[in-house]
Amino acid sequence: MSKIYGYARVSSKEQNISKQIIALKNFGVCEKNIFIDKKSGKNFERPAYKRLLKSLKPNDILIVQSIDRLGRNYAEIIEQWRIITKIKRADIVVLDMPLLDTRQHKDLLGSLITDIALNLLSYFAQVEREMNRQRQSEGISAAIKRGVKFGRPAKQIPKNFSEVYQLWQEGKISARTAGKMLGTTHNTFLNWVKKFSQKNNPAD
């Protein structure tokens, strides 16, 4: 008896995957048969995807919300489609594109239509991703020119720094102890020391 599997992925742990999970469950995929990866799709060294491929048997059905869940570029999507449909001999259903449903197109003409749609959609998925990456890069560059700073904001020097600094300077405590007293690391403490010294002893 054939089984229905679902595959979902996001490119980072911070991204929300619930939309894909809900779509797979609404189709009828049991939660235990949903494989999830929360890593970059740059390559296919993904544990959940590997387990999925091992689980797939002939006539099983794989459900994905969109075609780009199978890969990050045109070549990868086409290759994974080939592995699943030709080598594993399983069916694929792409929820946001009804044409990509290999259960419905078993004759020669149907297969031709599916192949054409697959090639076009895989190509457009890659183009869209590259355009988004370019827009993001351009946005970051523009923000930097406006003076926007990225990354974590620098820790502010605590009010009691001068007291701890004095103890350290007198050799009564180590930099590590000073850091602990200020709730930070000894490296951060030493960075603060450098800033404090520059501020109070500016170069002539």
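Helices (H or I, at least four residues) and strands (E, at least two) are DSSP runs, numbered from the N terminus. The views below come from a predicted model, in which local features need pLDDT of at least 70 and side-chain atom pairs count only at pLDDT 80 or more, while totals for chains, interfaces and linings use all residues. Residues are numbered from 1 along each chain as its sequence is written, and side-chain values use heavy atoms, with hydrogens and water left out.

**View 1. Arg-72 in the loop between E3 and H3.** Arg-72 is partly exposed, at a relative accessible area of 23%. Here buried means under 20% relative accessible area, exposed means over 50%, and partly exposed lies in between (1.4 Å probe, protein chains only). In sequence, Arg-72 and Ser-11 are 61 residues apart. In space, their C-alpha atoms are 9.9 Å apart.

**View 2. The largest nonpolar core.** A nonpolar core is a set of buried Ala, Val, Leu, Ile, Met, Phe, Trp, Tyr and Cys residues joined through side-chain atoms within 4.5 Å. This one has 22 residues. Leu-52, Leu-62, Ile-67, Leu-70, Trp-81 and Ile-84 touch the most other members. Three strands and three helices each give two or more residues: strands E1 (4-10), E3 (61-64) and E4 (91-94), and helices H2 (47-55), H3 (74-87) and H4 (108-145).

**View 3. A salt bridge within helix H3: Arg-82 and Glu-79.** A salt bridge is a side-chain nitrogen of Lys or Arg within 4 Å of a carboxyl oxygen of Asp or Glu. By this rule the count is five. In this one, N and O lie 2.8 Å apart. The partners are three residues apart in helix H3, so about one helical turn separates them. Both ends are partly exposed: Arg-82 has a relative accessible area of 37%, and Glu-79 has 33%.

**View 4. The salt bridge between Arg-103 and Asp-101.** The closest N and O atoms are 2.8 Å apart. Which partner is buried, and which is partly exposed? Asp-101 is buried, at 7% relative accessibility. Arg-103 is partly exposed, at 32%.

**View 5. The salt bridge between Lys-172 and Glu-170.** Their side chains meet at 3.1 Å, N to O. Lys-172 is exposed, with a relative accessible area of 59%. Glu-170 is partly exposed, at 44%.
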